[in-house]
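Please look through the sequence and the structure below with some care. The questions that follow ask how a term or a label can be justified, and each answer sets a value against its definition.

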Amino acid sequence: MNQKSAKSAIMFSKSTDVRIVNAKQHHLPVQMRVPLKFGAESVDSVTCLRVEVTVEDKDGRRATGWGETPMLVTWTWPSNTMTFAERYEVVKDFCDQLAEAWSKLEVTGHAIEIGHHFIENVMPELLDAFNQQRSVSDESQLLPHLAALVSTSAFDIAAHDAFGKLHDVDIYKTYNAQYMSHDLAHFFAEEPDAKERFGGKYPQDFLVKSAPDTLPVWHLVGGLDPLEDSELSGDEPDDGYPVTLRQWIKRDGLKCLKVKLRGTDAEWDYDRMVKVGRMALEFGVEALSADFNCTVHDPEYVNAILDRLKAEHSEIDSLILYVEQPFPYDLEAFRIDVSSVSKRKPLFLDESAHDWRFVRLGQQLGWTGVALKTCKTQTGALLSLCWAKSHGMPLMVQDLTNPMLAQIPHVRLAAHAGTIMGVESNGMQFYPDASLPEAEVHPTIYRREHGILDLSTLSGPGFGYRVEEIARELPST
């Protein structure tokens, strides 16, 4: 079959449908100004995967969109048997296969329909074949689903951006019957009540009616972060940016603090919450969250800390808005009844919330909320959002330390999701200079002021990147 007849064989059921015609990737290395700690590992650099995807409609019109995500394998693939560099090389090899698979897709539709098909049907087979080809004896050396999903997210986000650009419309104005061929009942077909609950409904029905231009912003208090000058070692960077929590709160007017805890040392975790809480009270911080980093196996560990805080420091306890992912992210392997924790504080899935099915399982186990991430794909985040909202689960939008273009879909999701309190954003803590070209166009998205991010510079089709105005020089593919 020649190229022309192959093209004519592809069916476009709706005039707005598109297909993928090309996918290219770029790898952007970024050096951190201070180490970033995930669980037991710390890293001082990261590579961001930036993807450009070109789509085409039935008339041959084309548009190119962009997607990006940090490839933080410490979060997506914790391991005691492989180094960070070894895991990164495996992920990079998988990205090559992703680019080829996206370029060969013959599915048509809205970007969310194409993305859903890829995530459900193509990626699992690709991942299984990839792991079989590697022939490793240790199961911990297999590329995990989460790492594959995060890699896929850059391609998926780029497809959404391209769809909006081809139709010259904000992508968030396309999640409806005008542009989509399938309602939500199609995506949740395995649910017994899918038709009753989701029939005739689209993602737009679960998004806020009018997305705000400003969002309260959460600051990450890492386990290695000094809180006061007295804790400085002398090795901190002298680059004009804050280094202590006190300095960050003063400079950025912070009102929301996410506190990273160990989950393996109750006394340290309690003391950390007290120290950060006292500073929060001093500066009028309005909200705290406690993130135990998937290291806890017994709910009583969390309960004891929360109960002690309530008894001994009730003012600090009252600031804790929610608790984030204390327990192992593999919900199927660790089916822990967490309802005793969620009776004390809202308990949010993060690493576990790969997709809406895991959100459903989490709710059955007693979890009460969901932390969405665009690094798990724009498609998956939107579907998880819809399922969660329809079942009364509150939302947050959490960061993967997003710099550069990755920051924009991230904050846009938060603005449209209707979170319990703004958005987490900490790229400016760890590598602010990485985003300088983007910050020239969108300064208030890459700098926190008065405790908020201002999204008002975003405009135009797709995600509103205005990428043609950003003086970013990309490395060769």
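Q: How do you know that β1 and β2 count as paired strands, and in which sense do they run?
A: In this predicted model, β1 and β2 are joined by 15 bridges and run antiparallel. Pairing asks for at least two bridges between the strands, so β1 and β2, with 15 bridges, count as paired. One place to look is V30, which stands opposite V46 in β2.

Q: What makes β2 and β3 a pair?
A: Nine bridges connect β2 and β3 in the antiparallel sense, and because at least two are needed, the two strands count as paired. One of the positions to find is C48, whose bridge partner in β3 is P70. Five residues lie between the strands of this hairpin, where G60 takes a positive phi near 90 degrees.

Q: How do you know that β1 and β4 count as paired?
A: Strand β1, which covers residues 18-38, pairs with β4 in the antiparallel sense over two bridges; since the definition asks for at least two, this pair meets it. R19 has T108 in β4 as its bridge partner.

Q: Why are β3 and β4 said to stand at the edges of the sheet?
A: The four strands form an open sheet in the order β3-β2-β1-β4, with antiparallel pairing. β3 (62-70) and β4 (108-109) each have a single partner strand, so one side of each is left without a neighbour in the sheet. Helix α3, residues 84-103, packs on this sheet and touches β1 and β2 (41-56), and its direction makes about 165 degrees with that of β1.

Q: What makes β2 a mostly covered strand?
A: Of the 16 residues in β2, twelve are buried, where buried means under 20% relative accessible area.

Q: Why is α4 called roughly perpendicular to α14?
A: Helix α4 (residues 111-134) and helix α14 (residues 378-390) pack at an angle of about 100 degrees, with their axes 9 Å apart. Angles of 65 to 115 degrees count as roughly perpendicular, and that makes α4 roughly perpendicular to α14. On the side of α4 the contact is made by A111, I112, G115, H116 and I119, and on the side of α14 by T379, G380, L382 and L383. By class, this contact of α4 with α14 has five nonpolar, four polar and no charged residues.

Q: Why does R412 count as buried?
A: The relative accessibility of R412 is 9%, and because buried means under 20%, R412 counts as buried. R412 is found in helix α15, residues 407-417. Leaving aside neighbours within four places in sequence, R412 is in contact with D170, Y172, L455, L458, G462 and F463. A polar atom of the R412 side chain lies 3.5 Å from the backbone oxygen of F463.

Q: Why does N22 count as partly exposed?
A: N22, which is found in strand β1, has a relative accessibility of 32%. Buried means under 20% and exposed means over 50%, with partly exposed in between, so N22 counts as partly exposed. Leaving aside neighbours within four places in sequence, N22 is in contact with E52, V53, T54 and S103.

Technical notes:
Residues are numbered from 1 along each chain as its sequence is written. This is a predicted model: local features need pLDDT of at least 70, side-chain atom pairs count only at pLDDT 80 or more; totals for chains, interfaces and linings use all residues. Side-chain values use heavy atoms; hydrogens and water are left out. Contact means heavy atoms within 4.5 Å. Axes are lines fitted to C-alpha atoms, for helices over the stretch in contact, and angles run from 0 to 180 degrees between N-to-C directions. Buried means under 20% relative accessible area, exposed over 50%, partly exposed in between (1.4 Å probe, protein chains only). Angles under 35 degrees count as roughly parallel, over 145 as roughly antiparallel, 65 to 115 as roughly perpendicular and the rest as oblique. Ala, Val, Leu, Ile, Met, Phe, Trp, Tyr, Cys and Pro count as nonpolar, Asp, Glu, Lys and Arg as charged, and the others, Gly among them, as polar. A polar contact is a pair of N or O atoms within 3.5 Å; within protein, one must be able to donate a hydrogen and the other to accept it, and residues adjacent in sequence count only if both atoms are side-chain atoms.
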